[in-house]
Every structure is written in C-alpha cells, then in structure tokens.
Amino acid sequence: MSKTDRFLRACWGQEVDRTPVWLMRQAGRYLPEYRATRAKVSGFLELCQTPELACEVTLQPLRRFDLDAAILFSDILTVPHAMGMELDFLEGEGPVFRDPLREASDLRRLGQPDPEQDLRYVMDAVRLIRRELDGRVPLIGFAGSPWTLACYMIEGRGSRDFLHAKTWMYSDPESLEALLERLVLALTDYLHAQAAAGAQALMLFDTWGGTLTTSAYERFSLAPLQRVIAGLRATAEAKELPIILFSKGGGNWLERMAASGANVIGLDWTIDINVARTRLGKKIAVQGNLDPIALYGQAALLRAEIENILCANAGRPGHIFNLGHGITPQTPIDNVELLVETVHAWNGCSNDSVYEEY
Ligand SMILES: Cc1c2[nH]c(c1CCC(=O)O)Cc1[nH]c(c(CCC(=O)O)c1C)Cc1[nH]c(c(CCC(=O)O)c1C)Cc1[nH]c(c(C)c1CCC(=O)O)C2
C-alpha cells in the first residue's frame, strides 16, 4: 500500500496495512535543520512567506522519519494578518498582534482577504511542496478555527484565561458572532484555495475550544466550524477531501464534533482513546492521543504509552497515530524516531485487548 493511500484511507475509515503516523508541528525547533533554516531569515513570518523555505522545512521531518503525511509549514495567524492585523513573532514570547480588537467598531479594520492574492505565498508553498513530494506522501493543509483565531485577535497574544475574548463573549455575543462570521468566510476561502492548490486533506486547529463552557463551545466554536466545513463541502475542490477537526480539550463534546461534518476527530491526551472510540462509533476516524511530553521520558515507558494507544484501536480501521498536541522544542529526536518505528513495527497486541464491537 502506498503511503498516500495509507493516510487517506485511514481518514475515510478504510482498512490499511499499518497505522499511518504523522506529528502535529512535525517541522519545528526540535530539529537542528529547522533551526538552521530559521537562522537564515530575520523572522518566523518571513519563513512562512518564502515558499522555497516553507517547502524546505515541510520536507525536513520526512527526510529523517518514515512519516505517512506532510503538513504545510505555515501558521494559523497568517489569516488575521492578511485581514489587516499587524503581527510580530517575538523571540521567547510567540505571536503578538500590535492592535488587538477590543470592541465591535474594531471589526471595521478587518478586510476580507483574497487567498490567491493576499495569501499567495501559502498557495505557492502548497504547489511547490506537492511538486517536490511527487506523490510520496499526501500533503495536509490547515487553518485555525474561527474561535481560536478570534482569541488571538482579541487578546493580542497567548493568554491563560482569555479574559478579553470571554468578557466580549459574555457582554456582547452578537458582535462576537459577527467577528466569527467574518472569519468563517475568510477561512472557507482560504482552505478552499489550499485544496485548489493541491492540499489533499484539511485540518482545523481549534486550540482554544476547550476553554469554553458546553453551550459556549457549541455557539462560538463548533457552529462557526460547521459553517466552514459546510462551505468547503459545497466546492468541487474540497468536497472530496478528508477534514480533521481538533478541539484541544474537546473530550466532553466528541459526539457533537463528530456531527460537524468532519471525517476525523483529533484527540488530545486527556481522553481515554477506548472511551472516545466507543462514543464515536465506527463512522468516524480518530487521530492523536499521545501526550507530547511522553517523548521526554524513558524509551520503555514511551513504547508502552504508544502500544496502549495502538491496542485500543486494534482491529478497528480509522486510526491515525499522532500526538495529542504539537511536539515541543526540546523533544529528544531519538524518541521521535522510536515513536515512528514503534508504530510501524507494531503487529498486534500481546494482551488480547482487541475490541470486537463498539
Ligand atoms: C495556536 C497555534 C499557532 N500556530 C498553530 C497553532 C495551532 C496548533 C497548536 O495549538 O499548536 C499552528 C501551526 N504552527 C506551525 C505549524 C506548522 C506545521 C506543523 O509542523 O504542524 C502549525 C500547524 C508552525 C510554527 N508556529 C510557530 C512556530 C515556532 C516559531 C519559531 O520557529 O520561532 C512554528 C514552528 C509560532 C507560533 N504560532 C502560534 C504560537 C502560539 C506560536 C508560538 C509558540 C511557539 O513558539 O511554539 C500560533
């Protein structure tokens, strides 16, 4: 089975010869070759905006590890940037918007980007990566969720409690919905353009969905995501692509996530994958679940964690091995190698924990 088939078939819940594996943030600072490429440019945004370099760093982890998919190298914040918000990536702090949105009238500052113009560098990177991959593995495109992007646009930076974003939500929900709707339109166009440029699967990163109450999650995170997915399904280019939905901390809402129209549900490490699969049933695939910090530990314990996840899925199609969130900068490379090899070498559980029906 070709690697292209392995990942895409697993997304559709079809039988595969072995479990496909890729890692969120697989290109990044834990790789010395990434740090070397990054040192050639003045800032992180320049790396994203130079298609040759974005292509180079996309391919770097694939040269080292036997991964079953590539993910476009970019960032979720390129979309608000293209809507007109000035963005800096500060060393040691991460992304910062100079003028965060704080009230409804600030929405007037936002433009509606044309992806082939204002985000052309992303589409050029997608085209270049597809050419360089030459069919070896499929390319995943991605975007942030409307709620997650709104959090950064309102806070201006990462936050512990999302005080500004949530205060807005609890004091003027209609104008927050207006902001989310602007993002729905921008993200639908953006992901559609990635599909037209050659992305073979699309992933939605709802990193901050899990900070909400159940009713707020439904209204401000999931409903806009559903509109993005429905918009994509209405286009010829994206209709046939698998869509992966990852709401970090979304374990409470798996059934609702599954009803969003996504084909694959991303799981963080806080939900038991057995429970997740039982609740989700057969119709939808799952991805993820390994605690990224397990990669810092002892090899034998890491292997046990990996096998637990594989055994929970034994005999069930529709599983893509991944971490429960992005790989972190100090991760030892040897353990990443061990992870990929363990997943690929795996040939069944030793403890008969194969699940018949669920
Ligand atoms: C919240 C979020 C962001 N960006 C992203 C998310 C959602 C996923 C998640 O929850 O991790 C998504 C993202 N960011 C990046 C990718 C690349 C593709 C991949 O390998 O998965 C993807 C898919 C590269 C990146 N995005 C960023 C880096 C590090 C920048 C550098 O090299 O200096 C990389 C490799 C910067 C970034 N970008 C963002 C933050 C908070 C930071 C700073 C934190 C950090 O430094 O790790 C916003």
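Reader: How many other C-beta atoms lie within 10 Å of that of Ala230?

Author: This is a predicted model, in which local features need pLDDT of at least 70, side-chain atom pairs count only at pLDDT 80 or more, and totals for chains, interfaces and linings use all residues. Residues are numbered from 1 along each chain as its sequence is written. A residue is buried if 20 or more other C-beta atoms, placed from the backbone, lie within 10 Å of its own, exposed if 12 or fewer, and partly exposed in between. Ala230 is partly exposed, because its number of other C-beta atoms within 10 Å is 13.

Reader: What distance separates the C-alpha atoms of Ala230 and Ala262?

Author: Ala230 sits in helix α11 (residues 214–233); helices (H or I, at least four residues) and strands (E, at least two) are DSSP runs, numbered from the N terminus. Ala262 is 32 residues away from Ala230 along the chain, and their C-alpha atoms are separated by 9.5 Å.

Reader: In what order do the 7 strands of the open sheet stand?

Author: Two strands pair if DSSP finds at least two bridges between them. The pairing in this sheet is parallel. β1 (70–71) and β9 (319–320) each have a single partner strand, so they stand at the edges with one side left without a neighbour in the sheet. The order is β1-β4-β5-β6-β7-β8-β9.

Reader: Why is β6 largely enclosed by the rest of the structure?

Author: On one side of β6 lie Ile243, Leu245 and Ser247, and on the other Ile244 and Phe246. In a regular strand the side chains alternate between the two faces of the sheet. β6 is largely enclosed because, of its 5 residues, the number buried is 5.

Reader: Through which helix does the chain cross from β5 to β6?

Author: Strand β5 (residues 201–206) and β6 pair in the parallel sense over 5 bridges, and Asp206 stands opposite Ser247. The β-α-β crossover between them is right-handed (with the strands pointing away from the viewer, the path from the first strand over the helix to the second runs clockwise). The helix on this path is α11.

Reader: Which residue of β8 is the bridge partner of Ile265?

Author: Strand β7 (residues 264–267) runs parallel to β6 (residues 243–247), joined by 3 bridges, and Ile265 is there the partner of Leu245. With strand β8 (residues 285–288), β7 has 4 parallel bridges. β7, helix α13 (residues 273–280) and β8 make a right-handed β-α-β unit. In β8, the partner of Ile265 is Val286.

Reader: Which helix gives the largest share of the largest nonpolar core?

Author: A nonpolar core is a set of buried Ala, Val, Leu, Ile, Met, Phe, Trp, Tyr and Cys residues joined through C-beta atoms within 7 Å. The largest one has 115 residues, of which Leu72, Ile140, Ala150, Leu202 and Leu204 touch the most other members. Its largest share is 12 residues, from helix α10.

Reader: Which residues come nearest to the ligand?

Author: The shell holds residues near the ligand (C-beta atom, placed from the backbone, within 6 Å of it). β3 (94–97) and β4 (139–144) each supply at least two of its residues. By class there are 11 nonpolar, 7 polar and 4 charged residues (Ala, Val, Leu, Ile, Met, Phe, Trp, Tyr, Cys and Pro count as nonpolar, Asp, Glu, Lys and Arg as charged, and the others, Gly among them, as polar). Of the 22 residues around the ligand, the nearest are Gly28, Gly94, Phe205, Thr207 and Gly326.
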